[in-house]
Amino acid sequence: MSVSEPSADLAQIESELKGKTLRIYWYMLRSPGSHVGVREIQRALRLSSPSVAAHHLEKLVSLSLVDKT
């Protein structure tokens, strides 16, 4: 996954970008130009499982804030 330019509606981004999703987004912003995986995020942020990280990454993809590669 990599950070991309936001194209979603700003109001939608503001309503959904909070909690763990926001923590993951900040983590990714601190690593510009690099690709991060689900397990890396899960371990770095001490999430309970990779599926939790994947769920929040999918939210970021749906908001067009990150790209899935």
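The following paragraphs describe the fold of a predicted model, beginning with its overall architecture and proceeding to its helix packing, its core and several individual residues.

The protein chain contains 69 residues, and its secondary structure consists of 4 helices and 2 strands. Read from the N terminus, these elements follow the order β-α-α-α-α-β. Of the residues in the chain, 33% are buried. The accessible surface amounts to about 4300 Å², and carbon and sulfur atoms contribute 53% of that area. Among contacts with a separation of 6 or more, 64% join residues that lie 24 or more positions apart.

Helix α2 offers a convenient point of entry. This helix spans residues 19-29, and its buried residues are Thr21, Ile24, Tyr25, Tyr27 and Met28. When the helix is viewed down its axis, these buried residues fall within an arc of 160 degrees, so they line one face of α2. A general property of helices is relevant here: an α-helix has 3.6 residues a turn, so residues three or four places apart point the same way.

The packing of α2 against α4 can be described next. The axes of these two helices are 9 Å apart, and the helices pack at an angle of about 80 degrees. An angle from 65 to 115 degrees counts as roughly perpendicular, and α2 and α4 are therefore roughly perpendicular to each other. On the α2 side, the residues that meet α4 are Lys20, Thr21, Ile24, Tyr25 and Met28. Their counterparts in α4 are Val52, Ala53, His56, Leu57, Lys59 and Leu60.

Three residues illustrate this pairing in detail. Threonine 21, located in helix α2, has a relative accessibility of 0% and therefore counts as buried. Beyond its neighbours within four places in sequence, threonine 21 is in contact with Glu16, His56, Lys59 and Leu60. Histidine 56 belongs to helix α4 and, because its relative accessibility is 12%, also counts as buried. If residues up to four places away in sequence are set aside, histidine 56 touches Lys20, Thr21 and Ile24. Leucine 60 has contacts with Leu17, Thr21, Ile24, Tyr25, Met28, Leu65 and Val66, again leaving aside neighbours within four places in sequence.

The nonpolar interior draws on these helices as well. The largest nonpolar core has 18 residues, and those touching the most other members are Ile24, Met28, Ile41, Leu47, Leu57, Leu60 and Leu65. Helices α2 and α4, the latter covering residues 50-62, are the elements that give two or more residues to this core. As a general tendency, nonpolar side chains in soluble globular proteins are buried together.

Attention may now turn to the loops that flank α4. Arginine 46 is placed in the loop between α3, which covers residues 38-44, and α4. Its phi is near 55 degrees, a positive value in a residue other than glycine. With a relative accessibility of 77%, arginine 46 counts as exposed. Serine 64 is found in the loop between α4 and β2, the strand formed by residues 66-67. Although serine 64 is not a glycine, it has a positive phi of about 60 degrees. Its relative accessibility of 24% means that serine 64 counts as partly exposed.

Two exposed helical residues complete the account. Leucine 10 lies in helix α1, which comprises residues 10-16. At a relative accessibility of 56%, leucine 10 counts as exposed. Leucine 10 and leucine 63 are 53 residues apart along the chain, and 9.4 Å separates their C-alpha atoms. Arginine 43 is part of helix α3, and with 59% relative accessibility it counts as exposed. The C-alpha atom of arginine 43 is separated by 9.4 Å from that of alanine 53, a residue 10 positions away along the chain. Alanine 53 is also one of the α4 residues that meet α2.

Note on methods
Residues are numbered from 1 along each chain as its sequence is written. This is a predicted model: local features need pLDDT of at least 70, side-chain atom pairs count only at pLDDT 80 or more; totals for chains, interfaces and linings use all residues. Side-chain values use heavy atoms; hydrogens and water are left out. Buried means under 20% relative accessible area, exposed over 50%, partly exposed in between (1.4 Å probe, protein chains only). The arc is that of the directions from the helix axis to the C-beta atoms. A nonpolar core is a set of buried Ala, Val, Leu, Ile, Met, Phe, Trp, Tyr and Cys residues joined through side-chain atoms within 4.5 Å. Contact means heavy atoms within 4.5 Å. Accessible areas come from the Shrake-Rupley method with a 1.4 Å probe; for residues, only the protein chains shown count as cover. Axes are lines fitted to C-alpha atoms, for helices over the stretch in contact, and angles run from 0 to 180 degrees between N-to-C directions. Angles under 35 degrees count as roughly parallel, over 145 as roughly antiparallel, 65 to 115 as roughly perpendicular and the rest as oblique.
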